[in-house]
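Hi,

Here is the structure I said I would pass on. Have a look at it first, and then read my notes below.

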Amino acid sequence: MKTIALILITIFTIADAFAQQSNKADDALLLEYYQNQRFADAADYLKKTYPEPVTDVKILSGLAYTSEMAARLPEAEDYYRRVYATDTTNMAVLFNLGSINSRRGNNSKAISYYKKILAEDSTNFNVLKQMATLSRASGNVIDAMNYLIKANKLNPTEPDVAYDLSSFFINLKLYKKADTVVTAPLKADTANMLLLLGKAQIHYRLEKFPETVAVCNQLVQTGNQTDEVINMLGNSWYNLKKYNECIIALKQLEQNNTATETSYYYMAMSYKALHSHVLAVIYFDKAVKAAVSENVNSYYGEMADSYDQLHQLKKAVNAYQKSLLYGVMPLTYYALANLYDTELKNKALALRYYKKYMGSHPPKGRQSYLAYAKRRAGELIR
């Protein structure tokens, strides 16, 4: 209702401005466009009705607002800048310029506009909130936190600021401060999912596992079943020695194909605690596989080749063998065979790896390698 009222107020203000300018604009048509949120049509109509050059500030403001609502941001910025040129004390225009540049991803420009507002009004909550967001996006973490602290002092019950500030405190391991920041707005809005998430994060890091379970269950019941919530819930059940509950919770991640090394580990440990050792082994194996990149064998292979180029042959052999531990690539067998054959002069091992290469079904594009391996293996046997 507030949004509709705001739009209607804006409609009548703009319509009044146009009426004062001339009688050419059709107020009824404008009203229809705005009420139906056809802002692009409204912008086109206004531009046609009031061609350039436009100098009237009220007309420029109307064109700026309509263009902004139509997501024609470059045009909106140009109109607002022209309005600002006539009155550099207009805080509303500065805020709109900051907002438009933020939407366009020009954070440094947005910050410059917002700073002008803060220079005149250092207690502007909305600007402080925007500055925190932009500072964090720009990598200025300290500035972001300071803006959030100022905004939170002005309005301690605003949930977004409270959650963001508590997240900073959690990362700094200032859990009591984080809890204080979240508790105040949560009293005012006990069902706020964002604040409840913050509360769960704090409880979990303070190892208050019963409290974590209670809040996480509340989140789950209201539809928040993100991986983070399920992980905190499952891990808390494990720490409370409720192993079946842990498995049930973390199984959801596996079913959603979002399980991780950690979730597999806690499931394995739960099965082990329940003396289900067959399942424990299965999930420990899954934890190991989840912990290791599928490309590790390739990394070790490339490392081995670099050692070979440096003529550090023992290190090259060791790296190739580690590569095989994480997955067989036929070319690794060939590289080892060639290394033992030409550099280390170990015919027995060279023959072994040539045979492994031939038996590994190398790709068709490696036929020259396969032909050489067969020929060389035959020579080594004689």
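**Helix α4 against helix α5**

Helix α4 (residues 57-69) and helix α5 (residues 73-86) pack with their axes 8 Å apart, at an angle of about 155 degrees. Do keep in mind that this is a predicted model. An angle over 145 degrees counts as roughly antiparallel, so that is the word for how α4 and α5 run relative to each other. Their crossing is left-handed.

Which residues make this contact? From α4 they are Val57, Leu60, Ser61, Leu63, Ala64, Tyr65, Ser67 and Glu68. From α5 they are Leu73, Glu75, Ala76, Tyr79, Tyr80, Arg82, Val83 and Thr86. Sorted by class, the contact of α4 with α5 has 10 nonpolar, 3 polar and 3 charged residues.

**Helix α5 again, now with α7**

α5 also meets helix α7 (residues 107-120): the axes come within 15 Å and cross at roughly 30 degrees. Angles under 35 degrees count as roughly parallel, and α5 is therefore roughly parallel to α7. This crossing, of α5 and α7, is left-handed. Glu77, Arg81 and Tyr84 of α5 make the contact with Lys109, Tyr113 and Lys116 of α7. By class, the contact of α5 with α7 has 2 nonpolar, no polar and 4 charged residues.

**A cis bond ahead of α4**

Most peptide bonds are trans. What about the one from Glu52 to Pro53, cis or trans? That peptide bond is cis, with omega near 0 degrees. You will find Pro53 in the loop between α3 (39-49) and α4.

**From α20 to α22**

Further along the chain, helix α20 (residues 330-343) has 14 residues. From its first C-alpha to its last, α20 reaches 20 Å, close to the 20 Å expected at 1.5 Å a residue. Its buried residues are Thr332, Tyr333, Tyr334, Ala335, Leu336, Ala337, Leu339, Tyr340 and Asp341. What covers the buried residues of α20? The cover includes α18 (296-309), α19 (313-325), α21 (347-358) and α22 (367-381).

After α20 comes Lys345, in the loop between α20 and α21. Most residues other than glycine have a negative phi. Lys345 has a positive phi, near 55 degrees. Is Lys345 buried or exposed? Exposed means over 50% relative accessible area, and Lys345 has 60%, so it counts as exposed.

Then there is α21, with 12 residues and a reach of 16 Å from its first C-alpha to its last, close to the 16 Å expected at 1.5 Å a residue. The buried residues here are Leu349, Ala350, Leu351, Tyr353, Tyr354 and Tyr357 of α21. What do the buried residues of α21 pack against? They pack against α19, α20 and α22.

The loop between α21 and α22 holds His361. Phi of His361 is positive, near 55 degrees, in a residue other than glycine. His361 has a relative accessible area of 70%, so it is exposed.

**Three single residues to look up**

Ser135 sits in helix α8 (residues 125-137). Buried means under 20% relative accessible area, and Ser135 counts as buried because its relative accessibility is 3%. Leaving out residues up to four places away in sequence, Ser135 touches Asn140, Asp143, Ala144 and Tyr147.

Ala188 is in helix α11 (residues 175-188). With 61% relative accessibility, Ala188 counts as exposed. How far apart in space are Ala188 and Pro159? C-alpha to C-alpha they are 9.7 Å apart, with their places 29 residues apart in sequence.

Asn244 belongs to helix α15 (residues 243-255). Its relative accessibility is 48%, so Asn244 counts as partly exposed. The C-alpha atoms of Asn244 and Ser270 are separated by 7.3 Å, and these residues are 26 residues apart along the chain.

**If you want a place to start**

Try the contact of α4 with α5, where the crossing is left-handed. Then go to Lys345 in the loop between α20 and α21, and on to His361 in the loop between α21 and α22.

Cheers

Methods
Residues are numbered from 1 along each chain as its sequence is written. This is a predicted model: local features need pLDDT of at least 70, side-chain atom pairs count only at pLDDT 80 or more; totals for chains, interfaces and linings use all residues. Side-chain values use heavy atoms; hydrogens and water are left out. Axes are lines fitted to C-alpha atoms, for helices over the stretch in contact, and angles run from 0 to 180 degrees between N-to-C directions. Helices (H or I, at least four residues) and strands (E, at least two) are DSSP runs, numbered from the N terminus. Angles under 35 degrees count as roughly parallel, over 145 as roughly antiparallel, 65 to 115 as roughly perpendicular and the rest as oblique. A crossing is left-handed if the near helix is turned anticlockwise from the far one by less than a right angle, and right-handed if clockwise. Contact means heavy atoms within 4.5 Å. Ala, Val, Leu, Ile, Met, Phe, Trp, Tyr, Cys and Pro count as nonpolar, Asp, Glu, Lys and Arg as charged, and the others, Gly among them, as polar. The expected span of a helix is 1.5 Å times one less than its number of residues. Buried means under 20% relative accessible area, exposed over 50%, partly exposed in between (1.4 Å probe, protein chains only).
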